[in-house]
Amino acid sequence: MELPGKNIVVVGMARTGIATAQFLRERGARVTVSEAQPAAQLPAEALALAQQGILLETGGHRLETLLGAQLIVVSPGVPLDVAPLRAAKNGGIEIISEIELAYRFLKTSLIAVTGTNGKTTTTSLLGELFRHAGKTVFVGGNIGTPLITYVAGPQDRDFVIAEISSFQLEGIKSFRPFISVLLNITEDHLDRYQSFTEYSAAKERIFLNQTESDIAVLNYDDPQVRALERSIRAQKIFFSTRQPLPEGVSYNGALQLRLRGVDAHIAIAGALLAGIHNVENMMAAAAVGFVCRLPLLSIQQSLVCFSGLNHRMELVDKIRGVAFYNDSKATNVGAVVKSLESLPAPLVLIAGGKDKGGSYAPLQSLLREKVKLLILLGEARERMHAALGGEVETVMAASLDEAVHTAFNRSEPGDTVLFSPACSSFDMFTSYEHRGACFRELVKALKQ
């Protein structure tokens, strides 16, 4: 792909947009960054792009700028259907995502992981598997470091393991991992997509360019995923926690791996990752590791020792016999379902935040079964109350501080307080990490 002298517009000036603009400028392109936010709301590193020979346009996407581009690279947070981008597309201008740009320059074998839930844990777990087996890896994409940052460097790793979101997949054309992992598809981001079908179609694009020489790792227990079997051209490896598979990875208290003539038993007793949803993540990771010829003993050791991620079913503390779990990363209903399933009753659930447009109905039966008190906060609390308030005693909180104190005051020894929002954080916090860190501090303050 020829970049010198090319007029390229990067849309969006968050972390990915900044890295993309720098990559393009360093390779001789004439770069403009278009950002909807006013300059006063941008971080210093974004404004510093101007000192690197990059033109900044803030406070909105100017149609003339986009129509004058030879290529437009869109950051994940920017929908492709905004009016200026639609006009540019109609004008014949190529529009791609950052991962598509990065892929066109990528020289390292790519493993890509997506799914509504579990993709961050699985991506991070895969990084541990490969490192423990003596491989060098870059782990990033939708988590941590953008893929374009790796491509800008020496590309000196054995493998790239990238978490990939539906937003990133919207703008791909040639992007082709040699291994793609799809963990699950449940309702999410319906504040961006017009329907679940549209959201699902974006996820499925991870297989778009794979051929018979590539590999797709798939959750057999998810009907939405299993239905893709005929349309995927890659070699398919299924995993299931519910039934034995003649070929694939099954669960019977241990992982039973039957692949390519090998029948292996991988013990995971005592694994630090808890919950059946994490068994699914471990099965997907084991399948990828086996295909990449990692030693089975090394895979087993990594699966047992991996301790998980901050803000995802993280035990913060036990205070007067009450356990507090920070599950701030549970930004959709499906994630909360998995978390409720993995903990014993009685529970006090703190939920709410910025509504994403999905249904809260999947929580109803679990609330009746396990939750003694539901505490709601944030912009979504009224809609959540309408959907869930009839299932369990429900109270409203004006802040996370009030929610934590209410949960503690209403709990008894043996109870568990679970902060699992089912919503994004942007009504009250800058990110799920910020939200989770605030929850941690509030819990610690209960001891004072």
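**Exercise 1. A strand pair and its sheet**

How many bridges join strand β16 to strand β20, and in which sense do the two strands run?

*Solution.* The model is predicted. Start with the ranges: β16 covers residues 322–326 and β20 covers residues 416–419. Four bridges join them, and the strands run parallel. For one register point, take N326: its bridge partner in β20 is F419.

Now place the pair in its sheet. Six strands make up an open sheet, ordered β15-β16-β20-β17-β18-β19. The pairing in this sheet is mixed. The edges are β15 (314–319) and β19 (394–396), each of which pairs on one side only. Finish with the twist: neighbouring strands of the sheet are turned against each other by 20° on average, direction ignored.

**Exercise 2. From β10 to β13**

Trace the strand pairings that link β10, β11, β12 and β13, and give the sense of each.

*Solution.* Step one: β10 (residues 215–219) pairs with β11 (residues 235–240) in the parallel sense, over five bridges. The register can be read from L218, whose bridge partner in β11 is F238.

Step two: β11 also pairs with β12 (residues 248–251), in the parallel sense and over two bridges. Here F239 stands opposite V249 of β12. S240 stands opposite S250 of β12.

Step three: β12 pairs with β13 (residues 255–259), now in the antiparallel sense, over four bridges. G248 stands opposite R258 in β13.

Step four: look at the connection. β12 and β13 form a hairpin with three residues between them. In the turn, G253 has a positive phi of about 95°.

A reminder for viewing these strands: in a regular strand, side chains alternate between the two faces of the sheet.

**Exercise 3. Two helix packings**

Classify the α11/α12 packing and the α16/α17 packing by angle and handedness.

*Solution.* Two packed helices are described by the angle between their axes and the distance between the axes.

Take α11 (residues 276–291) and α12 (residues 296–305). Their axes come within 10 Å and cross at roughly 155°. Angles over 145 degrees count as roughly antiparallel. α11 and α12 are therefore roughly antiparallel to each other. For handedness, α11 passes α12 in a right-handed crossing.

Next, take α16 (residues 400–410) and α17 (residues 432–445). Their axes lie 10 Å apart, and the angle is about 45°. That makes α16 oblique to α17. The crossing of α16 and α17 is right-handed.

**Exercise 4. The second largest pocket**

What is the volume of the second largest pocket, and which element gives the largest share of its lining?

*Solution.* The volume is about 380 Å³. The lining has 20 residues. Nearest the pocket centre lie I185, T186, D222, G334 and K338.

Sort the lining by element. α10 (223–226) and α13 (333–342) are the elements that give two or more residues. α13 supplies the largest share, with five residues.

Then sort by class. Six lining residues are nonpolar, seven are polar and seven are charged.

**Exercise 5. Enclosed space**

How many cavities of 30 Å³ or more does a search of the whole structure find? Describe the linings of the largest and the second largest.

*Solution.* Rolling a probe the size of a water molecule over the atoms shows where empty space is left. The search finds three cavities of 30 Å³ or more.

The largest cavity has a volume of about 80 Å³. Its lining runs through several stretches of the chain: E187, D188 and H189; T331, N332 and V333; D355, K356, G357, G358 and Y360; and A422. By class, three of these residues are nonpolar, five polar and four charged.

The second largest cavity has a volume of about 60 Å³. N117, G118, N184, H277, E280, N281, R312 and K338 line it. α11 gives the most to this lining, with three residues. The class split is no nonpolar, five polar and three charged residues.

One last step links the two kinds of space. K338 lines the second largest cavity. K338 is also one of the residues nearest the centre of the second largest pocket.

Definitions and conventions:
Residues are numbered from 1 along each chain as its sequence is written. This is a predicted model: local features need pLDDT of at least 70, side-chain atom pairs count only at pLDDT 80 or more; totals for chains, interfaces and linings use all residues. Side-chain values use heavy atoms; hydrogens and water are left out. Two strands pair if DSSP finds at least two bridges between them. Axes are lines fitted to C-alpha atoms, for helices over the stretch in contact, and angles run from 0 to 180 degrees between N-to-C directions. On a 1 Å grid over the protein atoms alone, a cavity is a set of points where a 1.4 Å probe fits but cannot get out, and a pocket is an open set with protein on both sides within 12 Å along at least five of seven lines; lining residues have an atom within 4 Å of a point. Grid points are joined across faces, edges and corners, and a volume is the space filled by probe spheres set on the points. Ala, Val, Leu, Ile, Met, Phe, Trp, Tyr, Cys and Pro count as nonpolar, Asp, Glu, Lys and Arg as charged, and the others, Gly among them, as polar. Angles under 35 degrees count as roughly parallel, over 145 as roughly antiparallel, 65 to 115 as roughly perpendicular and the rest as oblique. A crossing is left-handed if the near helix is turned anticlockwise from the far one by less than a right angle, and right-handed if clockwise.
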